[in-house]
Amino acid sequence: MKKEILIFRHFPTEGPGYFARFLDRQGIPHRTLKIDEGEPVPESIADIPGLVLMGGPMSVNDSLPWIPKVLRLIRAAVAADIPVLGHCLGGQLISKALGGTVGRNPVKEIGWGEVLIADNPVARRWFGPGIERFESFHWHGETFSIPPGATHILRSRYCRNQAFVIGKSLGLQCHIEMTPELVRAWARHGAAEIARALPAAAVQRPAQMLISLPERAARLNRIADVLYTRWVQGLRH
C-alpha cells in the first residue's frame, strides 16, 4: 500500500480543491486531516511522503494550539528532505516555521489578479519555459517574508512575496488550487468581508469573481498542473 500525502485543512470551505483532483489523476494516495474538526496533528513525519497545507481565515500569529505543532512538523519535513506545499495560510506557516515572518500586507488582496514570475533559475525550473505571468486567485490580508535560504519566485502588483521555493518545498501566497465550486463558495461566504474592504483596487466584488469563471479556473488549473507536477517529483516513496 502506497503512503498517503497528508493534506491539512484548516477551515471547512478551504479544502484541497483542484490539488485533490490532480493527485487522483496521478494515482497518488492522499488523506485530508481536518484541523477545523479537531483532528490531532501527527507527532512525527514517519510514513508521510509529502505535507500539504491549505488556507484559512486565521493568522499564523494567533494563539491556536495546533499552530506550534504544525510548525514543528514542517521543520522536521524540510530537514528530512520531504516536500512541503503551502497555499496562502499554508505558505505563511512554511515561512514562519523556517524563520520568516508574517504580517499585514499593505492592502487586502481578494479576487482574480495577475502574478509575475521572477527571472531566476529556480523559478524557471518550476515553471519551465514560456510562462512569464498568469492570473491567479487571491484572498489574504497578511503576507510572508521569504525565509532564510529560500528563493523568491512570484510577485503581484499588490503583494511582493507571492511564492518561494526552498529545496523541494513550495510556499504560495496565492491560491492555485481553485475550482469554480470553491470560488463560488468563497464569494458567498466571504461577502461580508468583501463589503467591509470595499472600495479597494485590490478587492473584487463577488460578481466580478464569477465572470468567465469556468475559463479562468481552467487556465489556472493548467498552471497548477505545472507546479504540482514539479512538486510531486520530490515525493518520498
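Contact here means heavy atoms within 4.5 Å. In this predicted model, Leu210 is, by that criterion, in contact with Val183 and Arg184 once its neighbours within four places in sequence are left aside. Leu210 lies in the loop that runs between α7 (206-209) and α8 (213-232), and with a relative accessible area of 39% the residue is partly exposed. Between Leu210 and Val232 there are 30 Å in space, C-alpha to C-alpha, for a separation of 22 residues in sequence.

A second loop residue, Ser59, is found between β3 (51-53) and α2 (66-79). Because its relative accessible area is 11%, and buried means under 20%, Ser59 counts as buried. Its side chain is joined to that of Glu142 by a polar contact of 2.9 Å, and, with residues up to four places away in sequence not counted, Ser59 touches Ile67 and Leu89 as well as Glu142.

**The chain as a whole**

The protein chain contains eight helices and nine strands. Its radius of gyration is 16 Å, which agrees with the value near 18 Å that a compact globule of 237 residues would have. Taken along the principal axes, the C-alpha atoms fill a box of roughly 45 × 40 × 35 Å. Of the 237 residues, 55% are buried, while the accessible surface comes to about 10600 Å², with 53% of it belonging to carbon and sulfur atoms. Among contacts between residues at least 6 apart in sequence, 74% join residues at least 24 apart.

**Nonpolar cores**

In soluble globular proteins, nonpolar side chains tend to be buried together. Here the largest nonpolar core has 49 residues, and those with the most contacts inside it are Phe127, Phe134, Ile153, Leu154, Ile176, Met209 and Trp231. Helix α8 supplies the largest share of this core, namely eight residues. Apart from it lies another core, of 30 residues, which includes Leu33, Leu53, Val84 and Leu89. The surroundings of Phe127 can be listed in detail: with residues up to four places away in sequence not counted, Phe127 touches Ile117, Phe134, Ile153, Leu154, Ile223, Val226 and Leu227.

**Helix α1**

Helix α1 spans residues 18-26, and its buried residues are Tyr18, Phe19, Ala20, Phe22 and Leu23. These buried residues pack against four strands and a helix, namely β1 (5-9), β2 (30-34), β3, β4 (84-87) and α8. An α-helix has 3.6 residues a turn, so residues three or four places apart point the same way. After α1 comes Gly27, whose phi is positive, near 70°.

**Pairing around β7**

Strand β7 takes part in two antiparallel pairings, one with β5 and one with β8, which are set out below.

| Strand | Partner strand | Sense | Bridges |
|---|---|---|---|
| β5 (residues 102-117) | β7 (residues 151-156) | antiparallel | three |
| β7 | β8 (residues 163-166) | antiparallel | three |

Within the pairing of β5 with β7, Val115 has Ser156 of β7 as its bridge partner. On the β8 side, His152 stands opposite Phe164, and the connection from β7 to β8 is a hairpin through six residues. Two residues numbered within the span of β7, 151-156, namely Ile153 and Leu154, are also among those with the most contacts inside the largest nonpolar core, and Phe127 touches both Ile153 and Leu154.

Technical notes:
Residues numbered from 1 in each chain as written. Predicted model: local features only at pLDDT ≥ 70, side-chain atom pairs only at ≥ 80, totals over all residues. Heavy atoms only, no water. Buried < 20%, exposed > 50% of the residue type's maximum accessible area, 1.4 Å probe, protein only. Polar contact = N/O pair within 3.5 Å; in protein donor to acceptor, adjacent residues only side chain to side chain. Core = buried A, V, L, I, M, F, W, Y, C linked by side-chain atoms within 4.5 Å. Rg over C-alpha atoms; globule rule 2.2 N^0.38 Å. Areas by Shrake-Rupley, 256 points an atom, 1.4 Å probe, with all protein chains shown as cover. Pairing = 2+ DSSP bridges.
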